[in-house]
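Let's take a walk through this structure together. Have the sequence and the 3D view open, and we'll begin in the middle and work outwards.

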Amino acid sequence: MGESVVFYLLAALTCVSAGIVALSRNIIYSTIALLGTFLGIAGLYIQLSADFLAAIQVLVYVGGTLTLILFAVMLTAKIENIRTSNTARARLPAMAVIGAMLLLLGMVANSTEWPIKIAKATPSTAKLGHAFLSEYMLPFEVGSVVLLGAMIGAVVLARRAVKRDSERE
Amino acid sequence: MQVGLVHYLTVAAVLFGFGMLCIMTRRHAVGILLGVELILNAAALNFVAFEHFISGGVSGQIFTVFIITLAASEAAIALAIVLQVYRTHRTVMADELTDMKN
């Protein structure tokens with residue numbers, strides 16, 4: 001009983017802030033609302049007994065990605081028209097397409113017989129570590145190379161932008 | 001009512017819908033990026049839910065870790081590109097960046 005109350009609270013937090021992300025006219029509000037979505041999903045991960053993922057979600061998304069996005073918004077938004085900085089176009093046709101898509105998804109999910117097993121909630125961090133260092137060793141290492149490449153690429157791209165700006169002034 | 005797989009799938013579907021709405025309608029480049037993040041989170045939530053309720057093991061969580069890794073690197077690269085575009089065009093509205101149209 002208590003578990004389902006917590007689930008509905010987290011689901012409401014996630015969906016409402018996702019709605020603000022999609023519908024707000026102010027890009028700052030959209031970005032801050034993404035925080036609520038990430039935290040709600042971290043809570044849902046805990047309910048699905050993925051405790052390590054919840055910690056990673058908070059650390060990487062809230063601590064890293066969201067800060068990065070906020071920096072980009074602050075560096076590019078013109079502050080005088082911040083209230084209408086995140087306008088949308090052609091919202092009604094988009095909503096129609098998405099509604100049809102969600103209807104299809106719901107029909108598929110309802111007509112499928114899921115072979116559900118009721119699993120007990122057990123901590124999974126140790127199992128995850130063993131899997132990363134045995135079965136998923138190669139993808140793990142490739143992932144670190146991808147991160148390194150992305151980091152160097154981002155530094156090279158963004159540094160040129162900041163440098164040229166300071167030379168101009 | 002017991003919370004089951006369908007409940008988590010519903011939450012993920014709502015997130016996916018809002019993410020698609022962001023991508024299809026936003027003019028601001030960072031707004032489009034926020035939609036991509038929403039969709040990636042919806043997919044990750046689906047992976048973890050299917051693992052918990054159906055397959056067992058940890059493979060779903062492994063996939064989610066990779067999704068988070070790739071989302072972080074994708075956000076870094078995309079924001080660097082947004083900064084470059086802002087430097088050359090003084091705008092990041094996607095419908096004003098029409099250099100390759102004519």
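What you're looking at is a predicted model, and a good place to begin is its largest nonpolar core, which has 60 residues. The residues with the most contacts inside this core are Val21(A), Tyr45(A), Val30(B), Leu45(B) and Val48(B). Where do the core residues come from? From chain A, helices α1, α2, α3 and α6 each supply at least two, and so do α1 (5–25), α2 (29–55) and α3 (59–89) of chain B. The most generous of them is α2(B), which gives 13 residues to the core. Domain 1 (1–78) and domain 2 (124–169) of chain A both contribute residues as well, so the core lies between them.

Let's zoom in on one of those well-connected residues. Setting aside neighbours within four places in sequence, Leu45(B) is in contact with Ile41(A) and Leu44(A) from chain A, and with Tyr8(B), Val11(B) and Ala12(B) from chain B.

Now step back to chain A. It has 6 helices and 0 strands, so to speak a run of α-α-α-α-α-α when you read along the sequence. The chain is divided into domain 1, covering 1–78, and domain 2, covering 124–169. The centres of these two domains, taken over C-alpha atoms, are 22 Å apart. Of the 169 residues in chain A, 22% count as buried. If you look at contacts in chain A with a separation of 6 or more, 60% of them are between residues 24 or more positions apart.

Two spots in chain A make a nice contrast. Take Ala33(A), which sits in helix α2 of chain A. Is Ala33(A) buried or exposed? It is buried, because 20 other C-beta atoms lie within 10 Å, and 20 or more is what it takes to count as buried. Leaving out its neighbours within four places in sequence, Ala33(A) is in contact with Ser17(A), Ile20(A), Val21(A) and Ser24(A). Gly19(A) is 14 residues away from Ala33(A) along the chain, and their C-alpha atoms are separated by 8.6 Å.

Then there is α4(A). Of its 21 residues, the number buried is 0, so this helix lies largely in the open. You can also check its length: at 1.5 Å a residue, α4(A) should span 30 Å, and its end C-alpha atoms are indeed 30 Å apart, so the two agree.

On to the partner. Chain B has 3 helices and 0 strands, running α-α-α from the N terminus on. A compact globule of 102 residues would have a radius of gyration near 13 Å, but chain B comes out at 17 Å. Along its principal axes, the C-alpha trace of chain B spans about 55 × 25 × 20 Å. Buried residues make up 49% of the 102 residues in chain B. For contacts in chain B with a separation of 6 or more, residues 24 or more positions apart account for 46%.

Finally, how do the two chains meet? The contact takes 69 residues from chain A and 61 residues from chain B. On the chain A side, α1 (2–23), α2 (27–47), α3 (51–76), α4 (91–111), α5 (125–133) and α6 (137–168) each supply at least two residues. The biggest share there comes from α6(A), with 13 residues. By type, the side of chain A that touches chain B divides into 45 nonpolar, 17 polar and 7 charged residues.

Notes:
Residues numbered from 1 in each chain as written. Chains lettered and ligands numbered in written order. Predicted model: local features only at pLDDT ≥ 70, side-chain atom pairs only at ≥ 80, totals over all residues. Domains from an automatic or database assignment. Helix = DSSP H or I, 4+ residues; strand = E, 2+ residues; numbered from the N terminus. Rg over C-alpha atoms; globule rule 2.2 N^0.38 Å. Buried ≥ 20, exposed ≤ 12 C-beta atoms within 10 Å, placed from the backbone. Contact = placed C-beta atoms within 7 Å. Nonpolar A, V, L, I, M, F, W, Y, C, P; charged D, E, K, R; others polar. Core = buried A, V, L, I, M, F, W, Y, C linked by C-beta atoms within 7 Å. Expected span 1.5 Å × (residues − 1).
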